[in-house]
Amino acid sequence: MANNILTQNDIRHVDYKDIDLLKQFVNPHGRIMSRSKSNLTAKQQREVERAIKRARFMGLLPYIQK
Amino acid sequence: MTAEEANAPAAAESAETDDVVRVYEIGYHIIPTVKDEDIENIVGGVRAVIEKHGGNFIAEGAPALTRLAYPMQVLTDGKKEEHDRGYFGWIKFEAKVSAAEALEDTLRGDANFLRFIVFRTAREDTRSKMRPPTLREVKRTDTIKSSPRRAEESSAPVSEEDLEKALQDLTAE
């Protein structure tokens, strides 16, 4: 089992409203971390990606950060 | 094959999916210029649309004024208005596919909504209970630093004799 934030905290669903959780998967510029950095499984990475994109659309996370 | 025949399977498929009950979530931003009293009515309108189509509510987050990560523009009376905050709320509900589509259609024409999103989700609570520990640690180090200083100040009830002795020692040097 991959050793990452989601499995360590037993998180099965990633919610777009969990900004504090999602912020751990974006870099200081606001870009989504690659799987090699996030250490997530492919399924988890897809979930996180979907949640971040929803949060961006709803103005909870920035698209870019200067 | 005629056009009718080609469309037949698609029509049958949509009729099948129409009856399926699914769990959806709607997240919305109400424009910040709306009065506090009216917010409840606007949310009530959303709930009415869901109820009208036979939906059941699972969970709800009350709208709260939130700062947006970037300014959003809306067209009101042909003019572009920019907003940097909005009342963000959400509702998780169970309804047919047609109900979700109807909800999207009604919200699209509503000027009170800055932005909204409707998507399929899971029935259980998807928000994680995990909290990042960083903020708490900072507070703890602050209290540790401040407590010994106070202890030093309070533990200095020096008698006059001791003071004079110390002064004499200093002057002798």
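This report walks through chain B, its interface with chain A, and the salt bridges and local features of both chains, all from a predicted model.

**Chain B overall**

Let's start with the fold. Chain B has 5 helices and 4 strands, and from the N terminus they come in the order α-β-α-β-β-α-β-α-α. Of its 173 residues, 28% are buried. If you take the contacts in chain B with a separation of 6 or more, 77% of them join residues 24 or more positions apart. On the outside, chain B exposes about 12300 Å², and carbon and sulfur atoms supply 50% of that area.

**Where chain B meets chain A**

The interface brings 23 residues of chain B into contact with 20 residues of chain A. The size of an interface is often given as the accessible area lost when the parts come together. For chain B and chain A, that buried area is about 1800 Å², with 66% of it on carbon and sulfur atoms.

There is a polar side to the interface too. The rule finds 7 residue pairs in polar contact across it, counting pairs with both residues at pLDDT 80 or more. On chain B, the strands β1 (21-30), β2 (56-76), β3 (79-96) and β4 (113-120) each supply at least two residues of the side that touches chain A.

How many salt bridges are there between chain B and chain A? The count is 1. The partners are Glu25(B) and Lys17(A), whose side chains meet at 2.5 Å, N to O. This pair isn't on its own, as Asp15(A), Lys17(A) and Glu25(B) are linked in a network of salt bridges.

**Salt bridges elsewhere**

A search of the whole structure turns up 12 salt bridges over all chains. The table lists some of them, with the N to O distance for each.

| Pair | N to O distance |
|---|---|
| Glu25(B) and Lys17(A) | 2.5 Å |
| Arg12(A) and Asp10(A) | 3.4 Å |
| Arg67(B) and Asp84(B) | 3.5 Å |
| Glu94(B) and Arg123(B) | 2.1 Å |

Take the bridge between Arg67(B) and Asp84(B). Arg67(B) sits in strand β2 and Asp84(B) in strand β3 of chain B, so the pair ties together parts that are 17 residues apart in sequence. Arg67(B) is exposed, at a relative accessible area of 56%, while Asp84(B) is partly exposed at 35%.

Glu94(B) and Arg123(B) also form a salt bridge. This pair links distant parts of the chain, with Glu94(B) in strand β3 and Arg123(B) in the loop between β4 and α4 (134-154), 29 residues apart. Is Glu94(B) buried or exposed? With a relative accessibility of 18%, Glu94(B) counts as buried, because the cut-off for that label is under 20%. Its partner Arg123(B) is partly exposed, at 45%.

**Local features of chain A**

Over in chain A, Asp10(A) and Arg12(A) are both exposed. Asp10(A) belongs to the loop between α1 (5-8) and α2 (19-22), and has a positive phi of about 55° despite not being a glycine. Asn39(A), likewise a residue other than glycine, has a positive phi near 65°. You'll find Asn39(A) in the loop between α3 (35-38) and α4 of chain A, partly exposed at 39% relative accessibility.

Finally, Phe57(A), Tyr63(A) and Ile64(A) make up a nonpolar surface patch, with about 310 Å² of accessible area together. Ile64(A) lies in the segment after α4 (42-57) of chain A and counts as exposed, at 65% relative accessibility.

Definitions and conventions
Residues numbered from 1 in each chain as written. Chains lettered and ligands numbered in written order. Predicted model: local features only at pLDDT ≥ 70, side-chain atom pairs only at ≥ 80, totals over all residues. Heavy atoms only, no water. Buried < 20%, exposed > 50% of the residue type's maximum accessible area, 1.4 Å probe, protein only. Contact = heavy atoms within 4.5 Å. Areas by Shrake-Rupley, 256 points an atom, 1.4 Å probe, with all protein chains shown as cover. Patch = residues over 30% accessible without salt bridge, like charges linked within 9 Å, V, L, I, M, F, W, Y side chains within 5 Å. Salt bridge = Lys/Arg side-chain N within 4 Å of Asp/Glu carboxyl O. Buried area = accessible area lost by both parts, 1.4 Å probe. Polar contact = N/O pair within 3.5 Å; in protein donor to acceptor, adjacent residues only side chain to side chain.
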